[in-house]
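Grab a pencil and work through a few exercises on a two-chain protein model. Try each task yourself before you read its solution.

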Amino acid sequence: MTLAVNIAQSGSNNVTFRNRIINGAMVIDQRNAGASVTVTSDGSYQLDRWQSVLTAGSKFSIQQSTTTATGFKNSTLLTSLSAYSLTGSDRFGWQQQVEGLNTYDLSWGAAGASAVTLSFWVRSSLTGTMGGCVTNSAQNRSYPFSFTINSANTFEYKTITIAGDTSGTWLTTNGTGLVVRFCLGAVSSYRNTAGAWAAGDYWGPTGGVDFVSTNGATMYFTGVQLEAGTTASPFEYCPFGLEKYLCERYCQTTYPYGTAPGSNISFNGIIGRTGCAGVNGTGEIYQSTQFKQQMRTTPTISFYDVAGTAAKVTFTTYAVQDTNNISGTVGQSSANGFGVTANQSGYGGSSYHYLVTAEL
Amino acid sequence: MYKLVNPHWSAPEQRHVQRLTDNAFIPFVEDNTDYQAYLRWLEAGNTPEPAEENQ
């Protein structure tokens, strides 16, 4: 007797862990602790798991907001910073890349691919046709979708059902399984008919509003959910601690929640100090750190002395307490942890905060 | 924009490069997206700063 239930094939919404989107309620913001960020870099992350993609910097900002739909605590606020005229191959988006290990059961790229349903709350100062797309890691399979903002500055609930794609390559590894992208603007060559799969890189529906072309325009998103099946179920609330844990496969920090990495908060959040200088008072101090959980891959590592200076450690001996601004470098690293080495005189130990990222 | 980092004596097979915009250390690991960005930067004809001699 087989007891296992394939959620995707059952099409059932009455299961836990049905939401493939992590931090869909926008409650986790480890990098910026609620501060507004002008987005300058393509591929940069703001709220946990949510990424900005763009061809020109400083056209919009992103901030965790407390203006939200009923039943939620937070949203993501996007603000257009200019009346930008799109040209060339311009395109702007805000997206989540879902890891292939969390989408393999959809069986996309083959016969029997499961349908999915995207649901979310959105509020905008603009009205009209907005949209986005679902795409694969190679961005050569796209499903543009559209939704309508009926009333300005009012949260509206949207649902979009997407047929499973039976073509293309959809990773089922620790790479990008699929991308859910909201389009903030795209030239016509990066738009296509909504509601159908197409071979190519299409960011939004034909004729959709270019959000970045209206200075001061705002959009709020929360309650984003992507689930198998053809019906949108109520948003799957996740305990805060579990949601943060899910995020920490991709981003971890020692800083207390609500404190941005690089802040000067002394030892708050550091759980100890180890390491020892070499014989005769000169040599290497080395401190290793084990991550809270194994990360998606070996992460990019930022460490800070307790005053918040990057690539520095704090050195402490019995004779001298807490000397900051000691240069360090990463000695070893893996998906499980890393070690920082520094050259320093005297018997003692080093301390540091860290931010590590293994995003898609 | 990047600076090479000398491997640590205990793990000479592990390599990292430092991104100078934020001083983060990027491992030479294929599925790290920052490393992929570094490779694209190299392919564009750029050259990283050499590692410090005293590291």
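**Exercise 1. Find how strand S3 and strand S4 of chain A are joined, then place them in their sheet.**

Step 1. Strand S3 (residues 60–65) and strand S4 (residues 75–80) of chain A run antiparallel, with six bridges joining them. Strands here are DSSP runs (E, at least two residues), helices are DSSP runs too (H or I, at least four residues), and both are numbered from the N terminus. Two strands pair if DSSP finds at least two bridges between them.

Step 2. Look across the pair: A:Ile62 faces A:Leu78 in S4(A).

Step 3. Now zoom out to the open sheet of six strands in chain A, ordered S1-S3-S4-S14-S6-S9 with antiparallel pairing. Its edges are strand S1 (37–38) and strand S9 (156–162) of chain A, each pairing on one side only.

A quick word on the ground rules. This is a predicted model, where local features need pLDDT of at least 70 and side-chain atom pairs count only at pLDDT 80 or more, while totals for chains, interfaces and linings use all residues. Residues are numbered from 1 along each chain as its sequence is written, chains are lettered from A and ligands numbered from 1 in the order in which they are written, and side-chain values use heavy atoms, leaving out hydrogens and water.

**Exercise 2. Describe the make-up and dimensions of each chain.**

Step 1. Chain A has two helices and 23 strands. Chain B has one helix and three strands, in the pattern β-β-β-α along the sequence.

Step 2. The C-alpha atoms of chain A fill a box of roughly 70 × 60 × 40 Å along the principal axes. For chain B, the C-alpha trace spans about 30 × 25 × 20 Å along its principal axes.

Step 3. Check chain B against the globule rule (2.2 Å times the number of residues to the power 0.38, with the radius of gyration taken over C-alpha atoms). Because a compact globule of 55 residues would have a radius of gyration near 10 Å, the 11 Å of chain B agrees.

**Exercise 3. Work out what A:Glu227 and A:Arg18 tie together.**

Step 1. Their side chains meet in a salt bridge (3.7 Å, N to O). The term means a side-chain nitrogen of Lys or Arg within 4 Å of a carboxyl oxygen of Asp or Glu.

Step 2. A:Glu227 lies in strand S14 (residues 218–228) of chain A, and A:Arg18 in the loop between helix H1 (7–10) and S1 of chain A, so the pair ties together parts that are 209 residues apart in sequence.

**Exercise 4. Build a picture of where chain B touches chain A.**

Step 1. The contact (heavy atoms within 4.5 Å) takes 22 residues from chain B and 24 residues from chain A.

Step 2. Together the chains bury about 1,600 Å², 44% of it on carbon and sulfur atoms. Buried area is the accessible area (1.4 Å probe) that two parts lose on being put together, summed over both. B:His8, B:Phe25 and B:Asp31 supply 36% of the area that chain B buries against chain A, more than any other three residues.

Step 3. Between chain B and chain A, the salt bridge count is zero.
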